[in-house]
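Work through the following exercises with the structure open beside you, and try each task before reading its solution.

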Amino acid sequence: PHPTTPIINYQLSTINYQLSTIMHPHIWYPYTQAKTASEPIEVKSAQGLWLELADGRKIADCISSWWVNLHGHAHPQIVEAIARQAAQLEQVIFAGFTHAPAQQLASQLVARLPENLTRVFYSDNGSTAVEVALKMAYQYWANRSTPRQRFMAFEGAYHGDTFGTMAVGARSLFSEVFQDLLFEVDFCPYPATWDGDLEAIDKEANCLEIIRQNLTSHPNCYAGIIIEPLVQGAGGMRMCSSEFLRQLRELATEFDTLLIFDEVMTGFGRTGADFACNRAQMQPDLICLSKGITGGFLPLAVTVATEDIYESFYSDDPTKTLYHGHSYTANPLGCAAALASLELLTQNQPAYTQMEFWHRQHLTELANKYPQLTKLRVMGTIAAIDINNQEQAGYLNNVGRKIGHHAIAHDVLLRPLGNVLYLMPPYCITEAELAWVYTQIDRVLDKVLDRP
């Protein structure tokens, strides 16, 4: 339903192509060491899968522009929804006021989520959605006069860049300098698995036993357990099984602690279902959503809680209020974009349910060709594989930078997580276009990896 650039007879660029770049003297770019980084590439426009650069070239956006773009760039249905809303109500304070787009979006989200999740709290980005969930979980116990001081999280986790989210994320390059300011969290192993993993069941059992020991050793102590369900994103697209999540739910219920799902990345079709919790067929107590919620058009986020959690704040006592909010909470434009995106999600369901099969076929062919590629794993629209080389695995492994550079020269946008090569394209990509992307990746790997 959405036009894309033809791929037949597409003229490939060479690695020597001079990229159109621009370095602005007043911009501080994210995750970038300005002294050593290459100049940023200027994007002039975008349509569907394709980004058009200032020099006229077009490159395929294979990471959905940091995982937010669900249906393709500049999708006309979302454009129209935003324009229509902008002419009616662009913004209003959400404390003491409300509006139809926020009400409609809350109802539609609750209808898609597990039935126990009923109360929608609006914010504006993924880090904040998680921060709100942590505050809700902590204050839930305080409001019940049974305060709990600890959280449990997982090794390799990334939940955001605010202080609370850094605290429940793995101690890493991103948070190292702030270590002394982060509250203490108990971290458990994450049972990462992949195709052909013969130790998956044992890893899950070991992880669950450690969690049980923590809960037993510190009874009535944990405010909540937080996890990225099915896929850890920035931690390297590490994947776990649905069965592990179901057993984690059972433990949280047995020991009466809250289970928080950070679905900022995995939500809205990314795992091949509307949400990872739906694919796993289980119910968290809190869920955090952002990134794809507006189809990649505008910042918006939600934290959705159970009725039990909501009722712990419902009181004549003003100290039990959740004192949290943002100037752009429930922005009408963002809500309108999200409503249009949900409509497209329903219309185009086959696009994100069948992509897993396409990915697995092409990724298997690459793994068979290059012995350096290991731990093949696919979950819905997300495909990932590790690259073994002489450098230490992790975010600073230089093979990712090399692949990203060569990929641009082959008209493909990739942003490997160090030695982890992954794809997360928008749902408008066709089977033929995805096959072309993998052909380009093959050519890139042929230049970057040493052949046996």
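**Exercise 1.** Find the salt bridge that Arg150 forms with Asp186, and describe where each partner sits and how accessible each one is.

*Solution.* Begin with the distance: the closest N and O atoms of Arg150 and Asp186 are 2.8 Å apart, and a salt bridge is defined as a side-chain nitrogen of Lys or Arg within 4 Å of a carboxyl oxygen of Asp or Glu. Next, place the partners: Arg150 belongs to strand S5 (residues 150–154) and Asp186 to strand S6, so that the pair, 36 residues apart, links distant parts of the chain. Here helices (H or I, at least four residues) and strands (E, at least two) are DSSP runs, numbered from the N terminus. Finally, compare with the accessibility classes, in which buried means under 20% relative accessible area, exposed over 50%, and partly exposed in between (1.4 Å probe, protein chains only). Arg150, at 24% relative accessibility, counts as partly exposed, whereas Asp186, with 14%, is buried.

Before going on, note that this is a predicted model, in which local features need pLDDT of at least 70 and side-chain atom pairs count only at pLDDT 80 or more, while totals for chains, interfaces and linings use all residues. Residues are numbered from 1 along each chain as its sequence is written, and side-chain values use heavy atoms, with hydrogens and water left out.

**Exercise 2.** The structure holds 16 salt bridges; for Arg112 with Asp274, work out which parts of the chain the pair ties together.

*Solution.* First, the closest N and O atoms of Arg112 and Asp274 are 3.0 Å apart. Arg112 lies in helix H3 (residues 100–112), and Asp274 lies in the loop between strand S10 (258–262) and helix H8 (276–280), so the salt bridge ties together parts that are 162 residues apart in sequence. As a last step, check the accessibility, which shows that both Arg112 and Asp274 are buried.

**Exercise 3.** Describe how Glu243 and Arg246, which also form a salt bridge, are placed in their helix.

*Solution.* The closest N and O atoms of this pair are 3.2 Å apart. Because Glu243 and Arg246 are 3 residues apart in helix H7 (residues 242–254), they are separated by about one helical turn. Glu243 is partly exposed, with a relative accessible area of 36%, and Arg246 is partly exposed as well, at 28%.

**Exercise 4.** Which residues of helix H2 are buried, and what do they pack against?

*Solution.* Start by listing the buried residues of H2 (residues 76–86), which are Ile78, Ala81, Ile82 and Gln85. They cover an arc of only 95 degrees around the axis, and therefore lie on the same side of H2; the arc is that of the directions from the helix axis to the C-beta atoms. These buried residues pack against H3 and helix H10 (332–347), where contact means heavy atoms within 4.5 Å.

**Exercise 5.** Describe the surroundings of Cys277, which is placed in helix H8.

*Solution.* Cys277 is buried, with a relative accessible area of 1%. Leaving aside residues up to four places away in sequence, Cys277 touches Pro114, Phe261, Glu263, Met282, Pro284 and Ile287.

**Exercise 6.** How many bridges join strand S1 to strand S2?

*Solution.* Strands S1 (residues 43–47) and S2 (residues 50–53) run antiparallel and are joined by 4 bridges, and two strands pair if DSSP finds at least two bridges between them. Val43 stands opposite Leu53 in S2. The hairpin of S1 and S2 has 2 residues between the strands, and Gly48 there takes a positive phi near 60 degrees.
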